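Here's a quick tour of one protein model, with an eye on confidence, charged pairs and a pocket. Have a look at it first.

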Amino acid sequence: MTISGVVALLKQHHPRTAKEAEGLGIKIHLLRSGCFRESFLVKGIPVVLKFPFMQKGGFKGSLLEIWHGRREIAAYLRIETDPLCKPLRRYMPRLYYTDYQTGVVAMHKYFVRQGVALYLEAVMTALVRDCLNSRSYDIEGDNVLVDKRGQLRLVDLGLTSSPAGVHRHARHIS
């Protein structure tokens with residue numbers, strides 16, 4: 001399966017769960033579970049799928065889990081479009097697919113950082129806070145990864161709190 005093939009399936013079927021993605025023939029395995037969602041690596045290609053946790057026995061995610069994904073999508077979009085956020089753009093992951101309704105995100109796979117000083121977390125947090133005019137709680141170890149050229153990537157902005165104006169920036173990035 002190719003990246004474009006996975007993206008086409010996501011756009012056509014809008015899966016809300018990992019199980020639904022697997023039902024489309026996308027082979028995945030769990031990378032990690034967080035407080036609000038699980039991240040899966042698509043086998044054979046560098047794509048990560050993030051799905052909000054779903055309520056037991058149903059497909060409807062709780063509002064908090066979906067909210068987390070929506071906030072991340074809105075933050076990425078704001079950074080992509082707001083001139084004040086231009087300094088952060090070089091640190092954004094490549095997004096292949098987002099679904100604001102379900103909070104599902106597909107992005108490029110990056111690597112765990114090795115030997116990066118902890119003070120960089122504080123610097124990145126300050127940049128996000130200043131550019132988004134908000135407080136960010138998710139700029140920490142596992143959410144700052146490195147691409148194959150050694151460039152830092154912020155792969156989770158889901159727990160940023162910001163003014164209501166951020167919602168006007170939210171839409172599909174695909």
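What follows covers model confidence, then salt bridges, then one pocket.

## How far to trust it

This is a predicted model, with a mean pLDDT of 80 and 75% of its residues at 70 or more. Among the elements, helix 1 (residues 3-13) comes out highest, with a mean of 97, while strand 10 (residues 160-161) sits lowest at 52.

Residues 162-174 stay under 50, though the model still has 34 contacts for them beyond four places in sequence. Where pLDDT is low, the predicted coordinates should not be read in detail.

## Salt bridges

The whole structure holds 7 salt bridges. In one of them, Arg 37 pairs with Asp 156, with the closest N and O atoms 3.0 Å apart. Arg 37 is in strand 2 (residues 37-42) and Asp 156 is in the loop between strand 9 (152-154) and strand 10, so this pair ties together parts 119 residues apart in sequence. Arg 37 is buried at 6% relative accessible area, and Asp 156 is buried too, at 8%.

Glu 72 and Lys 50 also form a salt bridge, at 3.0 Å from N to O. This one links helix 3 (residues 63-81), home of Glu 72, to strand 3 (residues 47-52), home of Lys 50. Glu 72 is buried at 0% relative accessibility, and Lys 50 is buried at 5%. Arg 37, Lys 50, Glu 72 and Asp 156 are joined in a salt-bridge network.

## The second largest pocket

This pocket has about 210 Å³ of space. Its lining has 6 charged, 4 nonpolar and 1 polar residues, including Tyr 96, His 108, Asp 147 and Arg 153.

Arg 153 and Asp 147 form a salt bridge, 2.9 Å between the closest N and O atoms, and both are buried.

Key. Residues are numbered from 1 along each chain as its sequence is written. This is a predicted model: local features need pLDDT of at least 70, side-chain atom pairs count only at pLDDT 80 or more; totals for chains, interfaces and linings use all residues. Side-chain values use heavy atoms; hydrogens and water are left out. On a 1 Å grid over the protein atoms alone, a cavity is a set of points where a 1.4 Å probe fits but cannot get out, and a pocket is an open set with protein on both sides within 12 Å along at least five of seven lines; lining residues have an atom within 4 Å of a point. Grid points are joined across faces, edges and corners, and a volume is the space filled by probe spheres set on the points. Ala, Val, Leu, Ile, Met, Phe, Trp, Tyr, Cys and Pro count as nonpolar, Asp, Glu, Lys and Arg as charged, and the others, Gly among them, as polar. pLDDT is the predictor's confidence in each residue, from 0 to 100. Helices (H or I, at least four residues) and strands (E, at least two) are DSSP runs, numbered from the N terminus. Contact means heavy atoms within 4.5 Å. A salt bridge is a side-chain nitrogen of Lys or Arg within 4 Å of a carboxyl oxygen of Asp or Glu. Buried means under 20% relative accessible area, exposed over 50%, partly exposed in between (1.4 Å probe, protein chains only).
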